[in-house]
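Let's take a walk through this one together. Have the sequence and the 3D view open side by side, and follow along as we go.

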Amino acid sequence: MQIAENPKAISELVVDWPFNWAAGHIDAALFFEDTDEVILYRAQEKLKLKFNGDNLTILEETPQKISLEWPITLWGNRN
């Protein structure tokens, strides 16, 4: 795992960073310590990564779309 002395953009740490994710404006991240994997969330997409030495390697070819259902119990039926 790399420890940065100064802040770095995520796009500098990830091999083959997706072009359509630009500079890496991430909404949320989930880290799994047991597998050294990270899931990054941006809008309605997710990207799965794995630590590989000092870099993060993308495990999926492209960001995956997240399909969310309407929360009827919270907001009722959609009109």
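Start at Phe 31, which is partly exposed because its relative accessible area is 39%; here buried means under 20% relative accessible area, exposed over 50%, and partly exposed anything in between, using a 1.4 Å probe and protein chains only. What you're looking at is a predicted model, in which local features need pLDDT of at least 70 and side-chain atom pairs count only at pLDDT 80 or more, while totals for chains, interfaces and linings use all residues. Residues are numbered from 1 along each chain as its sequence is written, and side-chain values use heavy atoms, with hydrogens and water left out.

How many aromatic pairs does a search of the whole structure find? There are three, where rings of Phe, Tyr and Trp (its six-membered ring) pair if their centres lie within 6.5 Å, and the pair is called stacked for planes under 30 degrees apart, edge-to-face for over 60 and tilted for the rest. Take Phe 31 and Phe 51: the ring centres are 5.9 Å apart and the planes sit at 85°, so this pair is edge-to-face. It ties together distant parts of the chain, with Phe 31 in strand β2 and Phe 51 in strand β4, 20 residues apart. Strands (E, at least two residues) and helices (H or I, at least four) are DSSP runs numbered from the N terminus. Phe 51 is partly exposed too, because its relative accessibility is 25%.

Now follow β4, residues 45–52. Strand β3 (residues 37–42) runs antiparallel to β4, and six bridges join the two; strands pair if DSSP finds at least two bridges between them. Arg 42 has Glu 45 in β4 as its bridge partner. Two residues separate the strands of this hairpin, and one residue to look at there is Ala 43, with a positive phi near 55°. Why count Ala 43 as exposed? Because its relative accessibility is 63%.

That phi deserves a pause. Most residues other than glycine have a negative phi. Ala 43 has a positive value despite not being glycine, and Asp 36 also has a positive phi, near 55°. You'll find Asp 36 in the loop between β2 and β3, where its relative accessible area of 34% makes it partly exposed.

Back to β4 and its other partners. Strand β6 (residues 64–65) pairs with β4 in the antiparallel sense over two bridges, and Glu 45 stands opposite Lys 65 in β6. Strand β5 (residues 55–58) is also antiparallel to β4, over four bridges. Phe 51, our aromatic friend, has Leu 56 in β5 as its bridge partner, while Leu 49 is matched with Ile 58. The hairpin of β4 and β5 has two residues between the strands, and in its turn Gly 53 has a positive phi of about 70°.

Which side chains of β5 are buried? In a regular strand the side chains alternate between the two faces of the sheet. Along β5, Leu 56 and Ile 58 point to one face and are buried, whereas Asn 55 and Thr 57 point to the other and are not.

β5 has another neighbour: β1 pairs with it in the parallel sense over two bridges, and Val 15 stands opposite Thr 57. Just beyond, in the loop between β1 (14–15) and β2, comes Asp 16. Asp 16 is exposed because its relative accessibility is 68%. Asp 16 and Ile 58 are 42 residues apart in sequence, yet their C-alpha atoms are 7.4 Å apart in space.

Finally, turn to the surface patch formed by Trp 70, Ile 72, Leu 74 and Trp 75, a nonpolar group with about 500 Å² of accessible area together. Leu 74 lies in helix α2 (residues 72–75) and is exposed because its relative accessible area is 65%.

How far can you trust what you see? The chain averages a pLDDT of 83, and 95% of the residues score at least 70; pLDDT is the predictor's confidence in each residue, from 0 to 100. Confidence is lowest in helix α1 (residues 10–13), at a mean of 76, and highest in strand β2 (residues 28–32), at 92. Where pLDDT is low, the predicted coordinates should not be read in detail.

Technical notes. Patches are made of residues with over 30% relative accessible area and no salt bridge: like charges are joined within 9 Å, nonpolar side chains (Val, Leu, Ile, Met, Phe, Trp, Tyr) within 5 Å. Accessible areas come from the Shrake-Rupley method with a 1.4 Å probe; for residues, only the protein chains shown count as cover. A salt bridge is a side-chain nitrogen of Lys or Arg within 4 Å of a carboxyl oxygen of Asp or Glu.
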